[in-house]
Structures are given as structure tokens and as C-alpha cells.
Amino acid sequence: MYTVELEKEELEKNFLMDRVRKINQQIDNIRDKNNIVVWGAGTHTDYLFKYTDVLKYKITVVDNRKSGAYFAFEVISPKNVDWKKVTAVIISGRQSVADIICELKSHYGYKGEIIEFYEPGEIWSFWQLNKNKKSCFWGDFTSFQEAVQVAGIWNESETFEQELKVLRNVLQEPQNWYWSQWIQKNLLRIYMENQQKHLCVIDFGGGFGQEYFNDKNILEDMQEVKWIVVDQQKHVTYGKEHLQTEKLIFSECLEEAAQLAEGKCSLLIFGSVLQYIDKWEDFLQEALNMDISYMLINRQHMAKRERICIQNMGAYNSMSAYRIFDERELLDSVSAKYQLLDQIKYSECGDIFYDLLVEEKCWLFRRKDIG
């Protein structure tokens, strides 16, 4: 059972477990190879030997800069390897991977399988609890509250400052977020289907109105635009003092936002927020009962089963309970009143966990009774 008193070492252990299982899965794919080379005889290989299953296989250790005894192996220079007989290479490290692959292929004519463990740009090795990485996920909890206890108190001040940085960047220049063009296309679609009379948006979890400012170039050409941001009190207070206009309004709850919309709300946006809500079904049902014409769910991680985990957000210096949604369950919750009109998948999201394929998606729905 996870508890609030779970020590830092235990948190690292849980994070490490996910990473090691993924590496072991990669290594297991070459279990039938009979001449495997591990490239690298340094600290990374020390940890590879310590935590993973690599020593179960018959391996040779190769390094350009080191020679002599290394554990029970004799380190060999790549110049002295008969690469025609090598069937698989494990690159043990996260730096210079592209250079090593180039050397294997160009200098030694190697054509066999290559195993690498890191995505381009990763700056932390697999055994490290990555607190400075933009975002990472670990764990498989039995309840949302259990994950909340482990994650501890969200660093609201750091979140506030980081989102202000995002806002400043947007104000200087529109950001090319991967979902931006998709949202803008659908804003235009809704405006046209509303006969160009007005566009009223409730942006739940909209921070300081970053999406509004990012889409301002198309909103300026529309008549009677009203964009209502719903967020935490600190964000709303700042927004009212520094950002609010006739078109951009800030509110602390959906009920108040609906009143501000005066019955003209065209679109409700959930901006990457449902995954942080414990009783999301009740909350979503409340939103569905508002009978807003369109609903956009933006940036949700989906899988074939629900997984409650911890999101470690290094940029915000915080950890949070986080829900990977069962895609079918979420869509079924909406389908009684809304039909799916459009969706996108961010295919580069990849598999966050070794045992569960996760995809990040966005959806646009229209209320069924308006055709």
C-alpha cells in the first residue's frame, strides 16, 4: 500500500521499475541472437548490468576509449571485432548514439540489429528519477486518492510562474503547438455553422487564456466573440486584473461561466484537465447537462485500459495524480448526448509504459439534438 510517508528511495524504485521493464522488453527481442555486442564500458553499463537482464545473454563488451578487464569481461576495441558475425548491438548510453550508429554502419559495415534506449533529446539515464524532464509517468495505483497521497501537494506557485512564461511567449508570438491548427480549424467551423453570428467559448482549465491569445489572429475577424476562461482562483484573480477585456473574461467555476455566457455558449473546451479530476464522470455529466452545442476535449492520454499513475512534471517542480483514460469509457460517457465530429492523434506520443500503449488525442463533439 502506498502511503504519504513513502520515502524518496521508494519513489525512485517505482520509477526505475517501469524503465527497467521497458529495457528488458527491448533486450528480450534479441534473445535468439548468438553474438551480441554491448557498446560502452562505463557507468551506464554498470547500471545496465545491475538492474536489467542483459547478463543473461552471451555478450561481448566493446569500447573505443577503454580496454582491459571490466567485470568478468575483457573490453575489446571495435576495430578488433568481426562485425560480420555480430547479430545484435546494444548501445549502452544516451550520448553520441547517432555517432555510434554511423560508425557501426559506415566504418564497419554492420547491418544487424541495433538496440538503443533513449529518445532524441533525453538528458537523464534510465536509473535516475527525472525531476527536470518536461514530463514523465510512473506507477499503477488502485485508486486516484492513493495516487494523490503519494504525489503530495501540487506546487501551485511554480505552476503559476511557469504558465505565466507560456503566456508571455504566446503574447510575443503565436505558438506552433501541434493541436493549434486543429483547434483553429474547428473554431472557424463552429462559427460558420452558427451562421457567423457569434462565438462564445468556455475554456475550462484555460490558465491565463493562452489558447485565446494563440488563436487571436482568427478570432479578431469574428463578430461578437466571448472567451470565458475557468481556472483556479489565483489565475482568475491575475486574469481579471491584467488580461480581462470585453472578449476575454475569467471565472472560477462552470456555473458562473454559464451565467456569463448568457445562454449563447457555442463551445466548451476541456484543455488537458479531466485527467487531474478524481470523480471525472460526475464532473463531465454536469458539463453535459449544460447542453452546450459543441464540446472539445483537448490533449488526453488514452489506452485500452484505465491506468492511474503519477505525473512527474519537472518544469513545475511537482508531481500529480494522473489518469490515463480507457478511451472507450470516456467516449461512451459523451455519446449519449454528443456525436463525434472530428479527432486527431498525436502519434509521436509513443508508449509511456512498458506494458501499455498510450496515445494522446483530441476530440470535437456536437450535441445530437442540433443535427
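Start by selecting Leu199, Val201 and Asp203, whose side chains point one way from strand E8, and then Cys200, Ile202 and Phe204, which point the other way; all of them are buried. Before you go on, keep in mind that this is a predicted model.

**Stop 1: strand E8 and its partners**

Widen the selection to the whole of E8, residues 199-204. Six of its six residues are buried, so the strand is largely enclosed by the rest of the structure. Which strands pair with E8? One of them is E9, residues 225-230, which runs parallel to E8 and is joined to it over six bridges. To see the register, pick Asp203 and look across to Val229 in E9, which stands opposite. Another partner is E11, residues 267-271, also in the parallel sense, with four bridges to E8. Here the pair to pick is Val201 in E8 with Leu267 of E11 facing it.

**Stop 2: strand E16 and its neighbour E12**

Now select residues 359-367, which make up strand E16. This strand is mostly covered, with eight of its nine residues buried. Add E12, residues 294-303: E12 and E16 run antiparallel and are joined by seven bridges. Tyr294 is a good place to zoom in, as it stands opposite Arg366 of E16.

Stay with Arg366 and show its side chain. Which residue meets it in a salt bridge? The partner is Glu193, at 3.1 Å from N to O. Glu193 belongs to helix H6 (residues 180-193) and Arg366 to strand E16, so this pair ties together parts that are 173 residues apart in sequence. The two ends differ in cover: Glu193 is partly exposed, with a relative accessible area of 38%, whereas Arg366 is buried at 13%.

Step along to Arg367, whose side chain forms a salt bridge with Asp369 at 2.7 Å, N to O. Is each end buried or exposed? Arg367 is buried, with a relative accessible area of 13%, while Asp369 counts as exposed at 59%.

To finish with this group, select Glu327, Lys345, Glu359 and Lys361 together and display their side chains: these residues are linked in a network of salt bridges.

**Stop 3: a link across the sequence**

The whole structure holds 17 salt bridges. For another of these, pick Lys33 and Glu113, whose closest N and O atoms are 4.0 Å apart. Lys33 sits in the loop between helix H1 (8-28) and strand E1 (36-39), and Glu113 is in strand E6 (residues 113-115), so the pair connects parts that are 80 residues apart in sequence. Lys33 is partly exposed, with a relative accessible area of 33%, and Glu113 is partly exposed too, at 31%.

**Stop 4: helix H6 again**

Go back to helix H6 and select Gln181, which lies in it. Gln181 is exposed, with a relative accessible area of 61%. How far apart are the C-alpha atoms of Gln181 and Asp215? Draw a distance between them and you should read 8.9 Å, for residues that are 34 apart along the chain.

**Stop 5: charge on the surface**

Switch to a surface view and colour by charge. Select Glu252, Glu255, Glu256 and Glu286, which gather in a patch of negative charge on the surface. Zoom in on Glu252, placed in the loop between strand E10 (248-251) and helix H10 (254-261). Its relative accessibility is 44%, so Glu252 counts as partly exposed.

**Stop 6: two backbone angles**

Finish with the backbone. Most residues other than glycine have a negative phi. Which values do you find at Asp291 and Arg299? Asp291 has a positive phi, near 55°. You will find Asp291 in the loop between helix H11 (280-288) and E12, and at 38% relative accessibility it counts as partly exposed. Arg299 also has a positive phi, near 60°. Arg299 takes you back into strand E12, where it is partly exposed, with a relative accessible area of 25%.

Conventions. Residues numbered from 1 in each chain as written. Predicted model: local features only at pLDDT ≥ 70, side-chain atom pairs only at ≥ 80, totals over all residues. Heavy atoms only, no water. Buried < 20%, exposed > 50% of the residue type's maximum accessible area, 1.4 Å probe, protein only. Helix = DSSP H or I, 4+ residues; strand = E, 2+ residues; numbered from the N terminus. Pairing = 2+ DSSP bridges. Patch = residues over 30% accessible without salt bridge, like charges linked within 9 Å, V, L, I, M, F, W, Y side chains within 5 Å. Areas by Shrake-Rupley, 256 points an atom, 1.4 Å probe, with all protein chains shown as cover. Lys, Arg positive; Asp, Glu negative; His and termini not counted. Charge placed at Lys NZ, Arg CZ, Asp CG, Glu CD.
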